[in-house]
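Colleague: Please take me through one part of this model in detail, starting from how its strands are arranged and moving on to the side chains that join them. I am new to this structure, so please explain each term as it arises.

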Amino acid sequence: MREIKFRAWHNYLRKWERGDFAVMNSGTIFLFAGLYEVDALEYTIEQYTGLKDKNGVEIYEGDVIVDSDNGEERSVVVHLNSSFYREFKDEWSRDGPGVLHVELFGEGLTHEVIGNIHETKEEEV
C-alpha cells in the first residue's frame with residue numbers, strides 16, 4: 001500500500017507551505033502549523049504518487065519529470081480518474097488539443113524530477 005501524503009503550494013506568496021494540513025469536503029483547508037483556517041483558493045494541493053524517481057526523490061502531482069531512457073522528453077505528472085499520468089504536449093492527441101496522457105506506473109526508476117509546475121518556467125516544461 002502506498003503512503004498517502006500531500007504538499008501545498010501557496011498561490012499568492014509563491015512558496016511551499018510546510019506542516020500538516022487537512023482539506024475538508026467543503027474545501028476548507030486547515031493548517032496544523034498554527035491550527036488556523038485558510039482560503040482554499042490560496043493553495044494548490046498536490047498528492048504524492050507513491051513513486052520515487054531514479055535519485056530517490058518522491059514524485060508528486062505537478063512535478064516536471066524527464067524520462068532518462070528517452071533523453072529530454074519532459075512531462076508533467078497529473079492526477080486523472082484516480083490514477084497518475086505523465087502529460088505530454090503533443091500535436092496529435094486523442095486526449096485533447098496538444099495533450100497526450102500516459103499512465104505512470106512503478107516506472108519511477110527511469111524518470112528524474114527536474115522541477116514542478118509552480119517553479120519551472122513554462123517553456124522548460
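Modeller: Two strands pair if DSSP finds at least two bridges between them; strands (E, at least two residues) are DSSP runs, numbered from the N terminus, as are helices (H or I, at least four). The model is predicted, with local features needing pLDDT of at least 70 and side-chain atom pairs pLDDT 80 or more, while totals for chains, interfaces and linings use all residues. Residues are numbered from 1 along each chain as its sequence is written, and side-chain values use heavy atoms, without hydrogens or water.

The part in question is an open sheet of 4 strands, arranged in the order β2-β1-β6-β7 with antiparallel pairing. Its edges are β2 (15–17) and β7 (58–60); each has a single partner strand, so one side of each lacks a neighbour in the sheet.

Let us cross the sheet from β2. Strand β1, which covers residues 6–10, is joined to β2 by 3 bridges in the antiparallel sense. Within this part of the sheet, K15 of β2 lies opposite H10. On to the next pair: β1 and strand β6, residues 43–52, are held in antiparallel pairing by 5 bridges. Here R7 faces E46 of β6. The last step runs from β6 to β7, an antiparallel pair with 2 bridges. Y48 has Y60 in β7 as its bridge partner. The hairpin formed by β6 and β7 has 5 residues between the strands, and in this hairpin G56 adopts a positive phi near 85°.

The side chains add further links. Side chains of opposite charge can pair when their charged atoms come close. A salt bridge is counted when a side-chain nitrogen of Lys or Arg is within 4 Å of a carboxyl oxygen of Asp or Glu, and by this rule the model has 4 salt bridges.

One of them joins the side chains of K5 and E58, at 2.6 Å from N to O. This pair connects distant parts of the chain, since K5 is in the segment before β1 and E58 is in strand β7, 53 residues apart. A residue is called buried under 20% relative accessible area, exposed over 50% and partly exposed in between (1.4 Å probe, protein chains only). K5 is partly exposed because its relative accessibility is 22%, and E58 is partly exposed because its value is 24%.

The R7 and E46 pair is also a salt bridge, with its closest N and O atoms 2.8 Å apart. R7 in strand β1 and E46 in strand β6 are 39 residues apart, so this salt bridge too links distant parts of the chain. Both R7 and E46 are buried.

Another salt bridge is formed by R86 and D67, whose closest N and O atoms are 3.8 Å apart. R86 belongs to strand β10 (residues 83–89) and D67 to strand β8 (residues 63–67), distant parts of the chain 19 residues apart. R86 counts as buried because its relative accessible area is 4%; D67 is buried as well, at 8%. R7, E46 and D63 make up one network of salt bridges that share partners.

E46 leads to one more residue, H118, found in the segment after β12 (111–116). H118 is buried because its relative accessibility is 12%. Counting contact as heavy atoms within 4.5 Å, H118 touches W9, R14, W16, T44 and E46, leaving aside residues up to four places away in sequence.
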